[in-house]
Amino acid sequence: MQAWAKDQKIGLSMLTLMGDPAGELTKDLDMEMTHPGPISKGIIGRCKRHALHVVDGVVKVVHLSEGPDDPAGDADPSLTLAEAMLDAISVENVLPEK
């Protein structure tokens, strides 16, 4: 993960990249890709493309990029990119608490 952070020029930002080599978090979040397409290519246990906004251990926003013909979300990852997450967080921050 350190090499990826360096490649992406994360530096001393607020982002933290973490791995999930055994897939425990992926399974706990119900984000394991089970579509037969990737599995048929030998990609087993891949995590779905998603983004979370978590505050003090509470998930506030979940965005998932996948479609019927695009289980990996590669064709349109826009929901999981920074701009969509920042928009969702800004809306979440102005809504009254439930």
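This report covers the overall fold, the largest pocket, two residues of strand S2 and a few residues in loops and at the chain start.

## Overall fold

The model is predicted. The protein has 4 helices and 2 strands. Along the sequence they follow the pattern α-α-α-β-β-α. Of its 98 residues, 23% count as buried. The exposed surface of the protein is about 7700 Å², and carbon and sulfur atoms supply 58% of that area. Among contacts with a separation of 6 or more, 30% are between residues 24 or more positions apart.

## The largest pocket

The largest pocket has a volume of about 1600 Å³. Its lining holds 30 residues, and those closest to the pocket centre are Thr16, Leu17, His50, Ala51 and Leu52. Three elements give two or more residues to this lining: helix H2 (24-28), strand S1 (49-55) and helix H4 (82-94). S1 supplies the largest share, with 6 residues. By residue class, the lining divides into 19 nonpolar, 7 polar and 4 charged.

## Strand S2: Ser65 and His63

Ser65 is in strand S2, which spans residues 58-65. Its relative accessible area is 2%, so Ser65 is buried. The cut-off for that class is under 20%.

What does Ser65 touch, not counting residues up to four places away in sequence? The list is Arg49, Pro71, Ala72, Gly73, Asp76, Pro77, Ser78, Leu79 and Thr80. For Asp76, the separation from Ser65 is 11 residues in sequence and 6.9 Å in space, C-alpha to C-alpha.

The Ser65 side chain also takes part in polar contacts. It reaches the backbone oxygen of Pro77 at 3.4 Å. A polar contact of 3.5 Å joins the side chains of Ser65 and Thr80.

His63 is also placed in strand S2. Is His63 buried or exposed? His63 counts as buried because its relative accessibility is 15%, and the limit for buried is under 20%.

The His63 side chain reaches the backbone oxygen of Leu79 at 2.7 Å. Leaving aside neighbours within four places in sequence, His63 is in contact with Arg49, His50, Ala51, Leu79, Thr80, Ala84, Met85 and Ala88. Arg49, Leu79 and Thr80 appear in the contact lists of both Ser65 and His63. His50 and Ala51, which His63 contacts, are also among the residues closest to the centre of the largest pocket.

The polar contacts of these two side chains are set out below.

| Side chain | Partner | Distance |
|---|---|---|
| Ser65 | Pro77, backbone oxygen | 3.4 Å |
| Ser65 | Thr80, side chain | 3.5 Å |
| His63 | Leu79, backbone oxygen | 2.7 Å |

## Two residues with positive phi

Most residues other than glycine have a negative phi. Two residues of this model depart from that pattern.

Lys9 is not a glycine, yet it has a positive phi of about 60°. Lys9 is found in the loop between helix H1 (2-7) and H2. At 73% relative accessibility, Lys9 counts as exposed, since exposed means over 50%.

Asp56 is not a glycine either, and its phi is positive at about 50°. Asp56 lies in the loop between S1 and S2. Asp56 is exposed because its relative accessible area is 78%.

## The chain start and the H1-H2 loop

Met1 is in the segment before H1. Its relative accessible area is 41%, so Met1 is partly exposed. That class lies between the 20% and 50% limits.

Which residues does Met1 touch, not counting those up to four places away in sequence? They are Leu17, Met18 and Gly19. Met1 and Leu17 are 16 residues apart in sequence and 6.2 Å apart in space, C-alpha to C-alpha. Leu17 is also one of the residues closest to the centre of the largest pocket.

Met18 lies in the loop between H1 and H2. Met18 is exposed, with a relative accessible area of 68%. Met18 and Gln2 are 16 residues apart in sequence, and their C-alpha atoms are 9.0 Å apart in space.

Key
Residues numbered from 1 in each chain as written. Predicted model: local features only at pLDDT ≥ 70, side-chain atom pairs only at ≥ 80, totals over all residues. Heavy atoms only, no water. Buried < 20%, exposed > 50% of the residue type's maximum accessible area, 1.4 Å probe, protein only. Contact = heavy atoms within 4.5 Å. Polar contact = N/O pair within 3.5 Å; in protein donor to acceptor, adjacent residues only side chain to side chain. 1 Å grid on protein atoms, 1.4 Å probe; cavity = no way out; pocket = protein on both sides within 12 Å on 5 of 7 lines; lining within 4 Å. Points joined across faces, edges and corners; volume = space filled by probe spheres on them. Nonpolar A, V, L, I, M, F, W, Y, C, P; charged D, E, K, R; others polar. Areas by Shrake-Rupley, 256 points an atom, 1.4 Å probe, with all protein chains shown as cover.
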